[in-house]
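Let's take a walk through a protein together, starting with its overall plan and then heading into its core. Keep the picture handy as you read.

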Amino acid sequence: MSSDHQIKLGISEIGEGSSSRGVGVGGGATIPSGSQPPPQLSRYESQKRRDWNTFGQYLKNQRPPVALSHSNYGHVLDFLRYLDQFGKTKVHLQGCVFYGHSDPAGPCTCPLRQAWGSLDALIGRLRAAYEENGGLPEMNPFASSAIRVYLREIRDSQAKARGIPYKKKKKKRNNIIPNVKANKETSNT
Ligand SMILES: [Zn+2]
């Protein structure tokens, strides 16, 4: 039961030795501190790598730590909720006078959240990263229907709270602009 680090974490190449070699100091794998990604990586690729490492770190910080190979959609959902504290998108609560206003006239105390578009893009990157790092497609927790359902709920509730309809068929040109903004918002954090 000591196989926590079997799945490669993208950049952290765990030395040549086999896992059976007892590591002397401190124990645990070394997380490369801000290690240098090869410069030829595209923005998407480096973002994907960062996301993947963040997720791996998140699992390691659980009590008890969760191995990547044992992660399931429940961990992914927790991870998404955990990320909300770093969100930058105001999502009005139902009691707020600005509920349903995409462009409120004043400040309020409603929480900041991750915008739906950001989470959706994040899940897409992690889904790809999971399989690129040796995960089996049929085991991919990011491809779970529970995640899809969760994202759809987020999308709908944020649409209501912010007065932004997410219409699939007919794009209203006026309303679509805030959506695009919301999507971009967290992509360069
Ligand atoms: Zn509010």
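Reading along the sequence, you'll meet the pattern α-α-β-β-α-α-α. That comes to five helices and two strands. Keep in mind that what you're looking at is a predicted model. The protein has 189 residues, and 19% of them are buried. Of the contacts with a separation of 6 or more, 66% are between residues 24 or more positions apart.

Now for the inside. In soluble globular proteins, nonpolar side chains tend to be buried together. Here, the largest nonpolar core has 15 residues, and the ones with the most contacts inside it are Leu119, Ile123, Leu126 and Phe142. Four elements give two or more residues to this core:

| Element | Residues |
|---|---|
| α1 | 43–60 |
| α2 | 73–83 |
| α3 | 116–132 |
| α4 | 145–162 |

Which element gives the most to this core? That's α3, with seven residues.

So let's stay with α3 for a bit. This helix has 17 residues and reaches 24 Å from its first C-alpha to its last, close to the 24 Å expected at 1.5 Å a residue. Its buried residues include Trp116, Leu119, Leu122, Ile123, Leu126 and Tyr130. Arg127 and Ser118 are also on the buried list for α3. An α-helix has 3.6 residues a turn, so residues three or four places apart point the same way. What does Leu126 touch, if you don't count residues up to four places away in sequence? The list is Asp51, Trp52, Phe55 and Phe142. After α3 comes Gly134, with a positive phi near 95°.

Next, look at how α2 and α4 sit against each other. They pack at an angle of about 25°, with their axes 9 Å apart. The cut-off for "roughly parallel" is an angle under 35 degrees, and that makes α2 roughly parallel to α4. The crossing in which α2 passes α4 is right-handed. Where they meet, α2 brings Tyr73, Val76 and Leu77, while α4 brings Ala146, Ile147 and Tyr150.

One last stop is a peptide bond to look for. Most residues other than glycine have a negative phi, and most peptide bonds are trans. The bond joining Arg63 and Pro64, though, is cis, with omega about -10°. To find Pro64, look in the loop between α1 and α2.

Notes: Residues are numbered from 1 along each chain as its sequence is written. This is a predicted model: local features need pLDDT of at least 70, side-chain atom pairs count only at pLDDT 80 or more; totals for chains, interfaces and linings use all residues. A nonpolar core is a set of buried Ala, Val, Leu, Ile, Met, Phe, Trp, Tyr and Cys residues joined through C-beta atoms within 7 Å. A residue is buried if 20 or more other C-beta atoms lie within 10 Å of its own, exposed if 12 or fewer, and partly exposed in between; C-beta atoms are placed from the backbone. Two residues are in contact if their C-beta atoms, placed from the backbone, lie within 7 Å. The expected span of a helix is 1.5 Å times one less than its number of residues. Axes are lines fitted to C-alpha atoms, for helices over the stretch in contact, and angles run from 0 to 180 degrees between N-to-C directions. Angles under 35 degrees count as roughly parallel, over 145 as roughly antiparallel, 65 to 115 as roughly perpendicular and the rest as oblique. A crossing is left-handed if the near helix is turned anticlockwise from the far one by less than a right angle, and right-handed if clockwise.
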